[in-house]
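Here's a quick briefing to read with the model open in your viewer. We'll go topic by topic, so you can click along.

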Amino acid sequence: MDRAPTLTDAIEQHSIDYIPAEERHGKPWHLFTIWFSSNVQITAFVTGVLAVTVGLNLTWAIATILIGNLVGGLFMAYHSIQGPRLGVPQMIQSRAQFGFFGALLPAAMVLAMYLGFAIEGNVITGQALAHWAHIPLTASVIIQVGIPAVIAIVGYKFIHLSTRVVSVLSAVVFVILTFALGSHLPAHLPSGPAPTFSAILLAISIFVSWQLTWAPYVSDYSRYMPENTPSRTTFLWTYAGSALGASWVMILGALAATISAQQVGDDAIGMLSHQVPGLSSVILLAILIGIIPAGVYGYYGMYLTAMSAISAKGHGSANARVRTVFILVTSVLVTAGALLAKGHILTTVQNVTLFLLYLLVPWTAINLTDYYLIRRGNYDIGELFKIRGAYGLVNRPAIVTYLIAIALQIPFIDTPLYTGPMAERLGGADISWIIGLVVATVLYYGYSRVGSRSQVQGRTSGTQQAPAGAENEAA
């Protein structure tokens, strides 16, 4: 007779360690609800508003939203394939490119991203909940922080289960809102002069960055899937959930901005709830629930990234107890940050997403180039957990490549905080993410294949395997 499940069975016991074959589970379509639920939510809606506030009419706003998400989604979805193949969290993989200690650099960038987005999300939903429920802002923020934190503490299975529920709820809500906002379309058809080329590129950059900022998360939620899961289906379900889900909601945001950009910026949730007066409370509650997945990923991802930065062990030594303590401490920091945050939320969203784009584009280029073009998916997993293993302490050429790519982006940056000289010559067009992507890919590939063939290719001779069977190769 099978024993009854216990609370321990429900709580994830793995940490940054390799997931063995006998514990793999899940189907490719589960990735759709993971990424659909995280994109079909209020923050994506507010991001879509930016297409109008940068100077685009509705037609061009829709075009840039589609282009940005469909292009950016390609990169994040390719990361998803790494999960079933390698069976480890996303940022652990960076040790193969940057070295054991070298990977601390991108890990620090990603931790800052997680913390920034967690605070930003709670500013949006915390203020809305406080206004709707007539409760103090402090209580509202604690509620918004607490629910995702609990789900993240329970771990992987509960995260997947919760996103299936949220996906259905969010889909119903945004279908209703699509019809409600669509009724305003005849009165807000595009008009006026064509937008500038710089405004078009700026908008595309914002939406590319939305997708690329998911890159450090992606394989965290596919790493339990069986290793023989088809790469094509893993890619397509991830891509559909993220790129198409975000495009839908962002287009609604652009439509809402043509109605009243100021109202959306000040109280996006309130504006949406008023579109269907008879169901405003239900819709408001559903929208608030929809923000939960992104919050969960923030806490869970911060934990995995922090462990990848400080832990040398790959056998689950940082287990559920450590995860609980870490997430509780982090939730206190996020609560304090959300209560102290000030300023117009649209400006905050734009500045944060563009800033993160400059840091994450070179990292994702290096990671994907290494996986698909250099090593072709062949990694010795055990060596990732050895301080003086086959991938070395610090891979200086990779770090130099990363920093050079960031530096070369600076002249092409165009933000409210800084405009580079090349961006000025291009009339304000921001192509920095293209520069970072191309430079990082070319330099890393060239270094790997030409400049230091013996150093890198010697480390690619190991085969992918569980830590228990890993061979200790020379660096």
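Start with helix H2 (residues 30-39), which is mostly covered, with nine of its ten residues buried. Keep in mind as you look around that this is a predicted model. From H2 we'll move on to a helix pair, the salt bridges, some long-range neighbours and a surface patch.

**Helix H2**

- The buried residues of H2 are His30, Leu31, Thr33, Ile34, Trp35, Phe36, Ser37, Ser38 and Asn39.
- If you're colouring by burial, that gives you nine residues out of ten in this helix.

**A helix pair: H6 and H11**

- Two packed helices are described by the angle between their axes and the distance between the axes.
- For helix H6 (residues 104-133) and helix H11 (residues 280-290), the angle is about 150° and the axes are 11 Å apart.
- Angles over 145 degrees count as roughly antiparallel, so that's the label for H6 and H11.
- As for handedness, H6 passes H11 in a left-handed crossing.

**Salt bridges**

- How many salt bridges does the structure hold? The count is three.
- Side chains of opposite charge can pair when their charged atoms come close.
- One of the three pairs up the side chains of Glu12 and Arg223, at 3.0 Å from N to O. Glu12 sits in the loop between helix H1 (7-10) and H2, while Arg223 sits in the loop between helix H9 (197-212) and helix H10 (231-273), so this bridge ties together parts that are 211 residues apart in sequence.
- Are Glu12 and Arg223 buried or exposed? Both of them are buried.
- Asp370 and Arg375 make another bridge, with their closest N and O atoms 2.8 Å apart. Here, too, both Asp370 and Arg375 are buried.
- Then there's Lys386 with Glu383, where the closest N and O atoms are 3.0 Å apart. Burial splits this pair: Glu383 counts as buried because its relative accessibility is 1%, whereas Lys386 counts as partly exposed at 30%.

**The loop between H14 and H15**

- Have a look at Arg376, in the loop between H14 and H15. Arg376 has a positive phi of about 55°, although it isn't a glycine.
- Arg376 counts as exposed because its relative accessibility is 58%, and the cut-off for exposed is over 50%.
- Ile387 is also placed in the loop between helix H14 (345-374) and helix H15 (396-409). With 34% relative accessibility, Ile387 counts as partly exposed.

**A nonpolar surface patch**

- Which residues form the nonpolar patch on the surface? They're Phe101, Leu104, Ile387 and Val394, and together they have about 290 Å² of accessible area.
- Leu104 turns up again in the next group, where its C-alpha is 9.3 Å from that of Ala306.

**Far apart in sequence, brought together in space**

- The C-alpha atoms of Ala306 and Leu104 are separated by 9.3 Å, with their positions 202 residues apart along the chain. Ala306 is in helix H12 (residues 292-310) and, at 8% relative accessibility, counts as buried.
- Ile42 and Gly290 are 248 residues apart along the chain, and their C-alpha atoms are separated by 7.4 Å. Ile42 lies in helix H3 (residues 42-53). The relative accessibility of Ile42 is 0%, so it counts as buried.
- Pro20 and Val88 are 68 residues apart along the chain, with a C-alpha separation of 10.0 Å. Pro20 is found in the loop between H1 and H2.
- Why does Pro20 count as buried? Its relative accessibility is 18%, and buried means under 20%.

Notes:
Residues numbered from 1 in each chain as written. Predicted model: local features only at pLDDT ≥ 70, side-chain atom pairs only at ≥ 80, totals over all residues. Heavy atoms only, no water. Patch = residues over 30% accessible without salt bridge, like charges linked within 9 Å, V, L, I, M, F, W, Y side chains within 5 Å. Areas by Shrake-Rupley, 256 points an atom, 1.4 Å probe, with all protein chains shown as cover. Salt bridge = Lys/Arg side-chain N within 4 Å of Asp/Glu carboxyl O. Helix = DSSP H or I, 4+ residues; strand = E, 2+ residues; numbered from the N terminus. Buried < 20%, exposed > 50% of the residue type's maximum accessible area, 1.4 Å probe, protein only. Axes fitted to C-alpha atoms, helices over the stretch in contact; angles between N-to-C directions. Parallel < 35°, antiparallel > 145°, perpendicular 65-115°, else oblique. Left-handed = near helix turned anticlockwise from the far one by under 90°.
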